[in-house]
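Welcome, and do keep the viewer open while you read. Here is a short tour of the model, going from strands to helices to the contact between chains.

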Amino acid sequence: MTKSRAAIFEKAYILHARKYLNTSLILNLLTREQGRYSVVVKGARGAGSKLRGRLQPFTPLLIASFGRGELKTATSIDFPGPAFRLTGEKLLLGLYSNELLYRLLGHFDPAPNIYDEYEILLDALQHASARFAPIRFFELTLLQELGYGINFGREVSTGEPVEADCYYYYVVAEGFHKAPASAKDSIRGADLIGIAAEISANGVLDSYSARTANQFDSRQLRNITRKSLGALLGDKPVKSRSLFRRAGS
Amino acid sequence: MIDSVRDSEQPLLDQLTEAFRCLPGVGPKGAQRMSLHLLERDRSGGKRLATLLNEAMERIGNCQSCRNLCEEDLCNICRNTGRETTTLCIVESPADLIAIEQSACYRGKYFVLMGTLSPIEGIGPEEIGIDQLLSRCKAGVEELILAVSSTVEGEATAHYIAESVRPLGISITRIAQGIPLGGELEFIDGNTLAHAIEGRKGI
Ligand SMILES: [Zn+2]
């Protein structure tokens, strides 16, 4: 591949790569400026190609491409930094986030905030010790950016602030309602207030500390994001969830 | 992508050319060359190909023990009593199995995943035969060798299998990753080097 002088590079991550013809690849990308789209990389799997084996998910790319249709053609690819090294369960969580993005983002729908949050997520998966906090936070941001943000701070029918010693239950696309004291699966107001505070603290890496891990690793929060995402994802199950059954996520 | 719709109006020659395009890497020109070659120069070869293709598609299935392609219930390797039954080597595809067999460095048995975990493509634990693998492991396997690709999907597959098999108390190893034989360090990309340094061993 030759670099054209007019090439415009954009930041991208590979969500999915599939083999195409003898030596090529089709990459489904998450880019910062143009959202999600696909490019053909000709010869990427060829014997002499410098790209061979390097076009993997979780690797920061700078990519220049041309073409007007659904499928662009890559003209040049650079690697501005090292790949995120995700291992074990963190790797499965990375694949899960890729599946969510693949299914929830439209083609050529710019989503710079989602791109930035994705990068924060990958960094947290590699470095933070909190088990599920980064992915929960990413799910919440994704919902927010897609227009389905959850307000953890207010009771939805009255608009009143959540009270620490009351109990609440969650309804998709509505929010939190006050629950009768005996209701099953209800959530303590104090927990919701804790989550709301962490969200407004704006997701810097420091917030994935042991302190937040309790709230963000909770099964209750997982159920809330799962229900909300489920409403957007439709009937087709999220395949990567089947990878966590044994790990107990 | 062109739909290979069978149209009785379409001349047989065109249909044949179209059909050749299901082969990997065969474009319109190549497909036409194949059709014309068989019709003009090698009709008997063409007939033999047709018969064999038909038979192979009908009769070749998967080995009930290792999932490799074979036409009996059990493949040659699984039936071979001379091979160690306590070591199981996990590979992604029949092509990988053939590559290891040709290296003549392995005397145990295999399990062929027929792919790697790839949630976006809808390939999960069930599709790679995890239940079959687990019951296989319970039948006297002592060591599991994960010979999967050094890709993100291969990595995820290795982790998932290792976690699933771990409760059985079998020894699990993964083939080494890093510098190819004859590879010069300065030409190797950063990720490969990082893997190689992480996986260093005492000499
Ligand atoms: Zn077999």
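## A hairpin and its surroundings

In this predicted model, β4(A) and β5(A) make a hairpin with four residues between them, and A:G67 in the turn has a positive phi of about 120 degrees. The two strands run antiparallel and are joined by five bridges. One of the matched positions is A:L62, whose bridge partner in β5(A) is A:D78.

Strand β4 (residues 61-66) of chain A also shows a neat alternation of side chains. A:L61, A:I63 and A:S65 point to one face and are buried, whereas A:L62, A:A64 and A:F66 point to the other face and are not buried. On its other pairing, β4(A) meets β1(A) in the antiparallel sense, with A:E10 opposite A:I63.

The antiparallel pairings can be set side by side:

| Strand pair | Bridges | Example of a matched pair |
|---|---|---|
| β1(A) and β2(A) | eight bridges | A:Y20 and A:S24 |
| β1(A) and β4(A) | three bridges | A:E10 and A:I63 |
| β4(A) and β5(A) | five bridges | A:L62 and A:D78 |

Stepping back, these strands belong to a closed barrel of five strands in chain A, in the order β1-β2-β3-β5-β4, with mixed pairing. Neighbouring strands of this sheet are turned by 50 degrees against each other on average, direction ignored. Helix α1 (residues 88-104) of chain A packs on the sheet, where it touches β1, β2 and β3 (35-41), and its direction makes about 90 degrees with that of β1(A).

Which residues touch the most other members of the largest nonpolar core? Of its 86 residues, they are A:Y13, A:L27, A:L29, A:L30, A:V41, A:Y118 and B:I90. Leaving aside neighbours within four places in sequence, A:Y13 is in contact with A:L29, A:L30, A:P57, A:F58, A:P60, A:L61 and A:Y118.

Now for a helix. The 13 residues of α3 (residues 133-145) of chain A should span 18 Å at 1.5 Å a residue, and the end C-alpha atoms are 18 Å apart, so the two values agree. This helix is mostly covered, with ten of its 13 residues buried, including A:R136, A:F137 and A:E139. After α3(A) comes A:G147, which has a positive phi near 90 degrees.

Finally, the chains meet: 19 residues of chain B are in contact with 22 residues of chain A. On the chain B side, α7 (152-165) and α8 (190-198) each supply at least two residues, and α7(B) gives the most, with seven residues. By class, that side has eight nonpolar, eight polar and three charged residues.

How values were computed
Residues numbered from 1 in each chain as written. Chains lettered and ligands numbered in written order. Predicted model: local features only at pLDDT ≥ 70, side-chain atom pairs only at ≥ 80, totals over all residues. Expected span 1.5 Å × (residues − 1). Buried ≥ 20, exposed ≤ 12 C-beta atoms within 10 Å, placed from the backbone. Contact = placed C-beta atoms within 7 Å. Nonpolar A, V, L, I, M, F, W, Y, C, P; charged D, E, K, R; others polar. Core = buried A, V, L, I, M, F, W, Y, C linked by C-beta atoms within 7 Å. Pairing = 2+ DSSP bridges. Axes fitted to C-alpha atoms, helices over the stretch in contact; angles between N-to-C directions.
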